[in-house]
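I opened this entry to record what I looked up about helix packing, nonpolar cores and aromatic pairs. The notes follow the order in which I went through them.

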Amino acid sequence: MIESLLVANRGEIARRIIRTAKRLGIRVIAVHSEADADLPFVAEADEAVLIGPPNPALSYRNTEAILAAAKSTGAQAIHPGYGFLSENAEFARTVEASGLIWVGPDADAITAMGDKINARNLMAAAGVPVAPGTTDPAADLDAAVTAAAEIGYPVMVKAAAGGGGMGMGVAADEATLRTEYDKVRAFAERMFGDGSVLIERYFPRVRHVEVQILGLADGRVVALGERECSVQRRNQKLVEESPSPAVSPELRSRLLAAAVRAGEAVGYRNAGTVECLLDPATGEFFFLEMNTRLQVEHPVTEYVYGIDLVEEQLRVASGLAPTFDPDALTPSGHAIEMRINAEDPKRFLPGPGVIRTWVEPTGEGVRVDSGYTEGNTVTPFYDSLLAKLIVSGATRDEALDRATAAVAAFQIEGPKNNVPFFAELLTNDEFLSGAYDTSIVSRMR
């Protein structure tokens, strides 16, 4: 097993990784910006290194500073968490070229899945269903218009290098397409350094379902069930649950088999997620993208399968066998995760500030992965995620009951937060029935 680990991230995911690493007897090094010096993850690490000012480009995305911290502390491995450098193939290569262990998939897999058009084409060749769309970037607006006419409106205009719900627009007609194409292209160039755009068929009423995969040290790829991710605002997830209320045993078998094929197609190693769009009326599903990292919502899979995904990541990176039998994976129960964000619960606009009160819920089947505590300041420099509230139960109904009680008990005063939104969602008949789709939040607002 790895003996020392540098966590190249912040907040709740840094704390999450630190918790498992310390349980395994691994010495943990945290890196942090000036803005995060007082956050819990810094104090909980065995050693902490200041790597720069609040600007992420000068700290959490500063590869030279992170590698220098690894060298000065004698770190043996780097875990990137999610976001920041987690899906940066160049950084992964540099880490390994420096003689360090990269806790994630190899750089070639990150590269292959990082370009959405290349990923679509690879998946189609591997027999994974893909939605109708372009097989090459739409070189200009005229090409986009031609492609959309062939695919049929409405269409999704998507940044080929995008991810995390960013760099997407919907066009119901040619006039809207002309506006969205320019907007998405400009955003992609600014955010990702790549203005390539693809055009796909847009499905107004679909569900967003993803499969957790794990590429083992021996080369096998296994699927650890699916997660429902359809409660979203601005194409970004707010709630995830496992198993999906929309997936039958027969559909689950097809979904998981397709996800394994996707992983095998790129020789996948370590944790990853195959995201799909599901038409609940027909049972058809289409490949959306592969996230080559640990997902924010991984705890719901941990509950249902009774494993620690961070531990499995570290075991794979160490060349060790998993803690479970890959041939006897048996899910049990139901889990739901709610993303507690520092944002207005109505319009979902960011709301930083000093946390005056922070009281986490407790009880059977309740887990809180938090990045903050009372007295901390939520700054405007980073993602608005404060914590993840995860509940589990023997059944979905039991998990929903525990979620309702936990949300009522979660007290946060200071920054704006979306806890009231979850209280509202947990009384929504559409959500409670399980028959919801990606437009549920828009109907609530």
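Working from a predicted model, I began with the packing of helix α1 (residues 11–23) against helix α11 (residues 309–317), and I found an angle of about 65° with the axes 9 Å apart. I noted the crossing of α1 and α11 as right-handed. On the α1 side I listed Arg-16, Ile-17, Thr-20 and Arg-23 as making the contact, and on the α11 side Leu-309, Val-310, Glu-311 and Leu-314. Sorted by class, the contact of α1 with α11 comes to four nonpolar, one polar and three charged residues.

I then turned to the nonpolar cores. Which residues touch the most other members of the largest nonpolar core? Within its 96 residues I found these to be Leu-6, Ile-78 and Val-231, and I noted that strand β19 (residues 385–393) gives the most to this core, with six residues. I followed Ile-78 further and, leaving aside residues up to four places away in sequence, listed its contacts, among them Leu-5, Leu-6 and Ala-8, Ile-66, Leu-67 and Ala-70, as well as Phe-91, Trp-102 and Val-103. I also recorded a second, separate core of 27 residues, which includes Val-209, Val-211, Val-247 and Phe-285.

Next came the aromatic rings, for which I counted ten aromatic pairs, taking ring centres within 6.5 Å as the rule. Phe-203 and Phe-286 form a stacked pair, at 5.3 Å centre to centre and with 15° between the planes. Where in the chain do Phe-203 and Phe-286 lie? I placed Phe-203 in the loop between β8 (197–201) and β9 (207–215) and Phe-286 in strand β13 (residues 284–291), so that the pair, 83 residues apart, links distant parts of the chain.

Are Phe-203 and Phe-286 buried or exposed? Phe-203 has a relative accessible area of 19%, and Phe-286 has one of 13%; because buried means under 20%, I entered Phe-203 as buried and Phe-286 as buried.

I looked up Phe-421 and Phe-422 as well, which form an edge-to-face pair at 5.4 Å centre to centre, with 70° between the planes. I marked Phe-421 as buried, and Phe-422 likewise. My last note on the rings is that Tyr-60, Phe-84, Phe-381 and Tyr-382 form one aromatic cluster.

Notes: Residues numbered from 1 in each chain as written. Predicted model: local features only at pLDDT ≥ 70, side-chain atom pairs only at ≥ 80, totals over all residues. Heavy atoms only, no water. Axes fitted to C-alpha atoms, helices over the stretch in contact; angles between N-to-C directions. Helix = DSSP H or I, 4+ residues; strand = E, 2+ residues; numbered from the N terminus. Left-handed = near helix turned anticlockwise from the far one by under 90°. Contact = heavy atoms within 4.5 Å. Nonpolar A, V, L, I, M, F, W, Y, C, P; charged D, E, K, R; others polar. Core = buried A, V, L, I, M, F, W, Y, C linked by side-chain atoms within 4.5 Å. Buried < 20%, exposed > 50% of the residue type's maximum accessible area, 1.4 Å probe, protein only. Phe/Tyr/Trp six-rings, centres within 6.5 Å; stacked < 30°, edge-to-face > 60°.
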